[in-house]
Amino acid sequence: MSGGLHPALLVQQHAVPSGGGDDIRQMLDGAVFYGGRYGMESLGLFTSKLLVVDLTHGRVRKEPLERRLVEETMGGQGVNTRLAYDLIPARADPLGPENVLIFGAGAFVGTMVPGAGRMVVSGKSPLNNFYASSNSGTFATMLKFAGYDHLIVTGKAERPVFLKIVDDDVTIEDATFLWGKDTYETTESLWQRYPQAWVTCIGPAGENQVPYAVIISNKFSTNGSGGLGAVMGSKLLKAIVVYGSKGVAAAQPGPFMAESRRAINDLMSGYYTLWWRELGTMIQIQDMAGPGTQARRERASVDLDQWTSIFRGQLRVREMGCPSCPVACKQVLQYPGKEEYFPVSCSIGTVTVPFVEHARIPLDSPEEILRCAETANRLGLSALAGHGGGPAVQNLIGMAMSLYEQGVLTQEQTGGLELRRGDAKLVQRILREMAYKEGFGGLLAQPGGGVVGSLGLGPAKHFVHKGHYIGTHDTGALYDGGKRWTVLPFGQIVDPRGDGPGTAYGSPTWRPGRNAASLKRYGLRIGIHAEDVEKVFTDERDGYDTPRLVHA
């Protein structure tokens, strides 16, 4: 078969998240702040080490991770944010050598704590000049096992390079033989050289500094928000190869393992766990999701139930999980009737559905829908279904098709292209043009403001907020007759990042009609303080206050 997977990704993984601030605090108390295998001054599950790579001068150095920094920020995302604040100049060009790219592994990475496999990548976004951070489900474990909590990449190389990290052996290697390859080709090539290693890399979109470029690890796990793939490309850093053999150890193994097992059991006994494994984000349109499912179906431009059936019966080979995650919402997909498959992140809901909904590729052409998703993956472009004009190229392609149908865009503006929905080959062409900044696709391969300005769109219906195109005619971000924001896009509008999913909890919006008691339990589970729950979840309208829930 083509598109093979790394053998290390086929093993049975550990487990997934439970939630709740008290659970996390108890696990931290048993794991972090009492020293560990690294000595009395260490921080338990932290390796207490930063790896700093200066690409401009070709230097590598290792620095201690200060205890104060960990205790103030709780590690992971917090440390990333503080480092970015300290290291990136206020007026830095996101695509200039002064921008810094930071890869962070949190306290629980490398353990059986459910869901603790996330890699946070941070830097200044080329989409909006704001701070950006993005999560993926793999790569962090190997970085931690190699002995590093955070990797800091500064400067710019003279020629394409990749970074090789094998425990204490860290070198900057020539990558000219990889430049121009797509993400799958790059990963396969490096796996051949380093069979045990995990690989994170960019595709042609990142090389060409397209602001919608993503970073892809092991061919399936994506850092998709904020255009950080373009930042990696601007530094001429094609890939990072990492293998670690050191592992981590809790300071108090007994209490730590007990809390971890409790969280695992709690999660795996949940009603929705197996549904999420099979359907990922498409769980929101299933009958068991609540009374809001019918409204979601009616809003959709295609029969999403039919697409779910096709996905289950013809395309899905099996689920695939990130380290520490048995829910496994990522999938291995197979082309109908062919010995050909490829891995993809959150495939049915957020990766394939945009090509179904926005481009209206017919459901009787499932192979073409998969070709579009694979093309985006290979090129290193974000196909993720964004909200309010998030970081997804399909939002831009769908917007262009809609404007063409309305007569706002002409063939003169599109370079002769007829932007008719339903043409998968046209979508694939535009994706390639975006990745290489050619033709009409190259025009779309700009931050939102550049697209709106280049197309001559009026601000009344087409405007840009924090670098992203937002159409006021897009009812996907609104409900209640277009009068009220849903939780997720409202969070993106008010959040400083504003660069995609993950900014706010959207579950109450996805499954409306839940009773007050259910909503309050939900609030406590996601960590809202008990004294605030009564303020956030009310008996009015859908049972929650949108701004307060976003803030909480």
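**A six-stranded sheet in the predicted model**

In this predicted model, 6 strands come together as an open sheet, arranged in the order E8-E7-E12-E9-E10-E11 with mixed pairing. Strand E8 (169–174) and strand E11 (221–223) stand at the edges; each has a single partner strand, so one side of each is left without a neighbour in the sheet. On average, and with direction ignored, neighbouring strands of this sheet are turned by 15 degrees against each other.

A helix also joins the picture. Helix H5 (residues 183–193) packs on the sheet, where its contacts reach E7, strand E9 (198–201), strand E10 (215–217) and E12. The direction of helix H5 makes about 145 degrees with that of E9.

A look at one pair of strands helps to make the sheet easier to follow. Strand E7 (residues 161–166) and strand E12 (residues 237–243) run parallel and are joined by 6 bridges. Within this pair, Ile165 stands opposite Val242 in E12.

The sheet can now be placed in the setting of the whole chain. The secondary structure of the protein chain comprises 22 helices and 19 strands. Of its 552 residues, 58% are buried. Among contacts in the protein chain with a separation of 6 or more, 62% are between residues 24 or more positions apart. Finally, the protein chain exposes about 21600 Å² of surface, and carbon and sulfur atoms supply 50% of that area.

Methods:
Residues numbered from 1 in each chain as written. Predicted model: local features only at pLDDT ≥ 70, side-chain atom pairs only at ≥ 80, totals over all residues. Heavy atoms only, no water. Helix = DSSP H or I, 4+ residues; strand = E, 2+ residues; numbered from the N terminus. Buried < 20%, exposed > 50% of the residue type's maximum accessible area, 1.4 Å probe, protein only. Contact = heavy atoms within 4.5 Å. Areas by Shrake-Rupley, 256 points an atom, 1.4 Å probe, with all protein chains shown as cover. Pairing = 2+ DSSP bridges. Axes fitted to C-alpha atoms, helices over the stretch in contact; angles between N-to-C directions.
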